[in-house]
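The following exercises introduce a protein structure step by step. Each task is followed by a worked solution.

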Amino acid sequence: MNNEQNTTSQRQNRTKAHLKHALIELIKEKGYHAVTVKDIVDYAAYNRSTFYIHYTDKIEMAEDLLVSMLEGLEDSVGKAYVPGQKVQTAKLNAPSFNIVSYIYKNQNFFTLINYDDTLPGLHTRFPQTIIKIYKEQFIFETINNIPVNMDYFKRYTAYGFYGLLQNWIENGFKETPEAFIQEAIELTKTHIYSFQYVGHNK
């Protein structure tokens, strides 16, 4: 990619980021269904033609926002691990839960779960992404190698973790990410002896 293409791409990404930020703020202000394309471009200080260069309509934009944030969530997990690496839960530390740091860094987006009239699909696809991460990226070993239905185990554990995340978000991130992670680590130690990071294939 030459410098001119790179500059154009950066400008387009910046424009899309501004439009997405506008949509997030407007959802919090008036609810998703009340937001119009005019509202979005007025808030972001662009014209409608700029919006239509990037998106067909509000629905396409909302889907792009949701997909990009949840893909980022999936990608964030592996930053702490090497594929094939086995980790004992007794040795977990804050960087092991990079997913928490990602959510905290993008809290402006994730606080959208606090709203009823919010981004379509967020309330279902956020927990589904946590389950997908557990199912696809990790192999777990239970305490004392107790035999369990691993599909059930992963769903049970993933929904438990999602419940903690949901509560943390709803309470306005009152706990620091470090304090939240430490609580999650202590809970993890009660039922998981070790896990292996398989990797994330897109």
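**Exercise 1: The sheet**

In this predicted model, 3 strands form an open sheet in the order S1-S3-S2, with antiparallel pairing.

Task: Determine which strands stand at the edges of the sheet, and describe how the strands are paired.

Solution.

Step 1. Strand S1 (86-88) and S2 each have a single partner strand, so they stand at the edges, and one side of each is left without a neighbour in the sheet.

Step 2. On average, neighbouring strands of this sheet are turned by 20° against each other, with direction ignored.

Step 3. The antiparallel pairing of S1 with S3 runs over 3 bridges. Lys 86 has Gln 196 in S3 as its bridge partner.

Step 4. S2 also pairs with strand S3 (residues 192-197) in the antiparallel sense, over 5 bridges. Here the bridge partner of Thr 142 is Ile 192 in S3.

Step 5. Strand S2 (residues 138-142) is mostly covered, since 4 of its 5 residues are buried.

**Exercise 2: The chain as a whole**

Task: State how many helices and strands the protein chain has, and in which pattern they follow along the sequence.

Solution.

Step 1. The protein chain contains 9 helices and 3 strands.

Step 2. Read along the sequence, these elements follow the pattern α-α-α-α-β-α-α-α-β-α-α-β.

Step 3. The C-alpha trace of the protein chain spans about 60 × 45 × 30 Å along its principal axes.

Step 4. The protein chain has 202 residues, of which 42% count as buried.

Step 5. Among contacts in the protein chain with a separation of 6 or more, 72% come from residues 24 or more positions apart.

**Exercise 3: Two helices in contact**

Task: Classify the packing of H4 and H7 as roughly parallel or roughly antiparallel, and describe the residues of their contact.

Solution.

Step 1. Helix H4 (residues 58-77) packs with helix H7 (residues 122-137) at an angle of about 30°, and their axes are 10 Å apart.

Step 2. Angles under 35 degrees count as roughly parallel. H4 is therefore roughly parallel to H7.

Step 3. The crossing of these helices, H4 and H7, is right-handed.

Step 4. From H4, the contact involves Glu 63, Leu 66, Val 67, Leu 70, Leu 73, Glu 74 and Val 77. From H7, it involves Leu 122, Arg 125, Phe 126, Thr 129, Ile 130, Lys 132, Ile 133 and Gln 137.

Step 5. Sorted by character, the residues of the contact of H4 with H7 comprise 9 nonpolar, 2 polar and 4 charged.

**Exercise 4: One residue of H7**

Task: Decide whether Ile 131 is buried or exposed, and name the residues that Ile 131 touches.

Solution.

Step 1. Ile 131 is found in helix H7.

Step 2. A residue is buried if its relative accessible area is under 20%. Ile 131 has a relative accessible area of 8% and is therefore buried.

Step 3. Not counting residues up to four places away in sequence, Ile 131 touches Arg 155, Ala 158 and Tyr 159.

Step 4. Gly 163 lies 32 residues from Ile 131 along the chain, and the C-alpha atoms of the two are separated by 12 Å.

**Exercise 5: Helix H2 and the residue after it**

Task: List the buried residues of helix H2, and give the phi of Ala 45.

Solution.

Step 1. In helix H2 (residues 37-44), the buried residues are Val 37, Asp 39, Ile 40, Val 41 and Ala 44.

Step 2. Ala 45, just after H2, takes a positive phi of about 65°.

Methods: Residues are numbered from 1 along each chain as its sequence is written. This is a predicted model: local features need pLDDT of at least 70, side-chain atom pairs count only at pLDDT 80 or more; totals for chains, interfaces and linings use all residues. Side-chain values use heavy atoms; hydrogens and water are left out. Buried means under 20% relative accessible area, exposed over 50%, partly exposed in between (1.4 Å probe, protein chains only). Two strands pair if DSSP finds at least two bridges between them. Axes are lines fitted to C-alpha atoms, for helices over the stretch in contact, and angles run from 0 to 180 degrees between N-to-C directions. Angles under 35 degrees count as roughly parallel, over 145 as roughly antiparallel, 65 to 115 as roughly perpendicular and the rest as oblique. A crossing is left-handed if the near helix is turned anticlockwise from the far one by less than a right angle, and right-handed if clockwise. Contact means heavy atoms within 4.5 Å. Ala, Val, Leu, Ile, Met, Phe, Trp, Tyr, Cys and Pro count as nonpolar, Asp, Glu, Lys and Arg as charged, and the others, Gly among them, as polar.
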